[in-house]
Every structure is written in structure tokens, then in C-alpha cells.
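The report below walks through the charged residues, the metal site and the backbone of one protein chain. Please keep the sequence and the structure in view while reading.

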Amino acid sequence: MGTGDYAAKRDFERTPEPEGGKRRKGGKRPIFVVQEHDASQLHYDFRLEIDGVLKSWAVPKGPSTDPREKRLATPTEDHPLDYAEFEGVIPEGEYGAGTVLVWDTGAYENISEKDGEPIEAAEALKKGHLSVRLFGKKLEGGYTLVRMGDAADADWLLIKMRDDEADARRNPVSTEPESVLSGRTIEEIAQAAEDDG
Ligand code: MN
């Protein structure tokens with residue numbers, strides 16, 4: 001794992017995105033982040049800290065709190081840890097051009113199992129079946145990521161687990177659109193970047 005693909009796709013003279021390099025002290029719980037990304041196609045990037053990088057999936061419809069909803073999650077390149085705090089506008093002509101908003105973030109706990117025994121997140125990822133408990137502001141409780149097939153580039157599904165935090169009536173993607181970092185909407189972030197020139 002590494003963020004070489006991430007760096008290769010970007011010109012850091014032009015994009016305000018972080019170059020990376022942040023290290024985290026041991027003992028801290030790993031983090032997750034969900035970033036709304038208003039690119040050529042609007043999607044939500046779901047990222048989990050695993051082994052020093054943010055493993056990433058693009059989720060077109062965003063995460064659901066309804067266990068009956070299976071959300072398509074397409075794997076994308078590993079991102080550096082600093083990306084979890086990135087909010088702003090990636091300029092036209094750059095990779096992923098468009099506005100990014102930190103839609104939710106917090107700690108998470110790996111609760112993956114194999115044959116009833118706990119396994120490391122990295123191992124669960126390799127096996128294509130990863131379960132996590134999120135401690136976000138909007139998303140809480142268990143979520144499972146399941147890979148559809150064995151191909152390295154296979155799509156995954158992101159599914160809410162059936163637990164106390166499951167709620168078929170909530171729809172936070174549409175009812176709670178603001179950034180958990182700045183309180184801004186995606187339009188306000190885009191406008192602020194325009195005002196800055
Ligand atoms: Mn994206």
C-alpha cells in the first residue's frame with residue numbers, strides 16, 4: 001500500500017489537495033471520512049484509515065442508514081491521511097475537478113471476523129469482506145463492505161448493518177448536506193473558492 005498512484009494523478013502546483021506525508025502516532029483509533037465530491041458525476045468518497053493510508057471507494061448514491069439499501073462502491077486509489085481534512089475546489093483540467101465537502105468523519109473500529117474470529121482490517125480488505133463500526137456525526141454503527149467477485153478492480157457494496165443505529169427513515173445524504181468541518185454547503189464552498197479567485 002502507498003499513495004504513489006495518488007501523487008501521479010495530481011499536479012500539486014495546481015490543485016489545493018494535500019501532497020501527503022502526515023504520520024499518525026500509535027495507539028490512536030483509526031479514522032474514516034466521507035467526502036461529497038461534486039465532480040463530473042456527483043459521488044461520495046468513503047475512506048478508511050488502514051495501514052497508514054486512506055483506502056477509498058467512490059459511492060455514487062452515498063451511504064445509507066437503511067440495511068436494505070446496498071450502495072455501489074467503486075474502489076479508487078489510496079489517499080494520504082491528510083486528505084481526510086481536505087475541503088475545497090479542485091480546478092478545471094485537474095484530476096477529479098470539482099468541489100469537495102467533508103460530509104462526515106470520526107473514528108472507526110474494525111469489527112471484521114472470519115470463522116467467528118476477529119481479523120485485521122488489512123486482511124479483511126484482501127478477503128473482500130470488511131466490517132467496521134463508525135463513530136461519526138451523521139453515520140454511526142456497523143457498516144459492511146463486500147467485494148463482488150475476486151478481480152482486483154471488482155466493485156464493492158456498502159451496506160448498513162442491522163443494529164441500533166440502523167434507521168430506514170433517515171436519509172442523511174439528502175437531509176444533512178452540510179460539511180461537518182465548516183458547516184458550509186457544497187455551493188458555499190464552490191462560491192468561496194471563486195471569490196478567492
Ligand atoms: Mn471522488
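A residue is called buried when its relative accessible area is under 20%, exposed when the value is over 50%, and partly exposed in between, using a 1.4 Å probe and protein chains only. The structure is a predicted model, in which local features need a pLDDT of at least 70 and side-chain atom pairs count only at pLDDT 80 or more, whereas totals for chains, interfaces and linings use all residues. Residues are numbered from 1 along each chain as its sequence is written, and side-chain values use heavy atoms, with hydrogens and water left out.

**Salt bridges**

A salt bridge is counted when a side-chain nitrogen of Lys or Arg lies within 4 Å of a carboxyl oxygen of Asp or Glu, and the search of the whole structure finds 13 of them. Three of these pairs, including their N to O distances, are set out here.

| Basic residue | Acidic residue | N to O distance |
|---|---|---|
| R10 | E17 | 3.1 Å |
| K55 | D78 | 2.8 Å |
| K160 | D163 | 2.7 Å |

The pair of K55 and D78 links distant parts of the chain, since K55 belongs to strand 3 (residues 53-59) and D78 to strand 4 (residues 70-79), 23 residues apart; strands here are DSSP runs of E with at least two residues, helices are runs of H or I with at least four, and both are numbered from the N terminus. K55 counts as buried because its relative accessible area is 14%, and D78 is likewise buried, because its value is 12%. In the pair of K160 and D163, K160 is buried at 3% relative accessibility, while D163 is partly exposed at 27%. Salt bridges that share partners also join R10, E17 and E77 into one network. Within that network R10 is buried, with a relative accessible area of 10%, and E17 is buried as well, with 4%.

**The manganese ion**

Which protein atoms are the donors of the manganese ion? They are ND1 of H37, NE2 of H43 and OD of D45, lying 2.2 to 2.3 Å from the ion. Donors are N, O and S atoms within 2.8 Å of the metal (3.2 Å for Na, K and Ca), and because water is not among the atoms, sites may look incomplete. Along the sequence the donor residues follow the spacing H-x5-H-x1-D, and both H43 and D45 are buried.

**Exposed positions and the backbone**

D38 has its place in strand 1 (residues 31-38), and it is partly exposed, with a relative accessible area of 36%. K28 lies in the loop between helix 1 (4-8) and strand 1, and it counts as exposed because its relative accessible area is 58%. Although K28 and A107 are 79 residues apart in sequence, they are 9.0 Å apart in space, C-alpha to C-alpha.

Two aspartates, neither of them glycine, have a positive phi: the value is near 50° for D51 and near 50° for D115. D51 sits in the loop between strand 2 (42-50) and strand 3, and D51 is exposed, with a relative accessible area of 60%. D115 is placed in the loop between strand 7 (113-114) and strand 8 (117-118), where D115 is exposed, with a relative accessible area of 72%.
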